[in-house]
Amino acid sequence: MGFVGETIDSIKSIQIRQLLSQTVSLGMIVTSALIIWKALICITGSESPVVVVLSGSMEPGFKRGDILFLHMSDDPIRAGEIVVFNVDGREIPIVHRVIKVHERKDTGEVDVLTKGDNNYGDDRLLYAQGQLWLQRHHIMGRAVGFLPYVGWVTIIMTEKPIIKYILLGALGLLVITSKD
């Protein structure tokens, strides 16, 4: 039993080492992604430096599935800029164009009104009840660039979760069965 027992112990130790190695590698990948994301937040000044266009309200300029790159600076917001904003009570940010800017004389604060390029009316119906303008704290960033259609991966995985689970399962099997 000496030789067989040693062989079994040797195989077990290799599997444990391989599992630990894969776990550490996965942890490093996740940590790297988080570090890159946090660095982008610091560089762009936006709490979400990348967003996916989820509706057709900005067509023909931006289509559903386009990825937008955001930047937020201290420069005043101007009419015509495309901004991404959060509305109180809504989880998902909205991508629309600023159509009107109102500066308060007493405080110097700027209020903005937005509208989707493909929508008939302004966004006041989308804002929180009784809210007529967006303030600076609602705005996550200004669109400074985009990649067309790349965001469809996110949309498909959100709308069809079974695809996400199949993909995660396949990746899990790949990790488990791969050899170093």
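Visitor: Which residues form a nonpolar patch on the surface, and what is their accessible area together?

Guide: Good place to start, and keep in mind that this is a predicted model. The patch is made up of Tyr149, Trp152, Ile156, Ile162, Ile163 and Ile166. Together, these residues have an accessible area of about 580 Å².

Visitor: Which element gives the largest share of the nonpolar patch?

Guide: Helix H2 (152-159) and helix H3 (161-177) are the elements that give two or more residues to the patch. The largest share is 3 residues, and the element they come from is H3.

Visitor: Is Ile163 buried, partly exposed or exposed?

Guide: Let's look at this residue of helix H3. Buried would need under 20% relative accessible area, and exposed would need over 50%. Ile163 has a relative accessibility of 39%, so it counts as partly exposed.

Visitor: Now to the strands. Which are the edge strands of the sheet?

Guide: The open sheet has 6 strands with antiparallel pairing, in the order S1-S2-S6-S3-S4-S5. An edge strand here pairs on one side only, and that picks out strand S1 (50-52) and strand S5 (110-115).

Visitor: By how much are neighbouring strands of this sheet turned against each other on average?

Guide: The sheet is an open one, with its strands paired antiparallel. With direction ignored, the average turn between neighbouring strands is 50°.

Visitor: What is the bridge partner of Val84 in S6?

Guide: Strand S3 (residues 82-85) and strand S6 (residues 139-147) run antiparallel and are joined by 3 bridges. For Val84, the bridge partner in S6 is Gly141.

Note on methods
Residues numbered from 1 in each chain as written. Predicted model: local features only at pLDDT ≥ 70, side-chain atom pairs only at ≥ 80, totals over all residues. Heavy atoms only, no water. Pairing = 2+ DSSP bridges. Helix = DSSP H or I, 4+ residues; strand = E, 2+ residues; numbered from the N terminus. Axes fitted to C-alpha atoms, helices over the stretch in contact; angles between N-to-C directions. Patch = residues over 30% accessible without salt bridge, like charges linked within 9 Å, V, L, I, M, F, W, Y side chains within 5 Å. Areas by Shrake-Rupley, 256 points an atom, 1.4 Å probe, with all protein chains shown as cover. Salt bridge = Lys/Arg side-chain N within 4 Å of Asp/Glu carboxyl O. Buried < 20%, exposed > 50% of the residue type's maximum accessible area, 1.4 Å probe, protein only.
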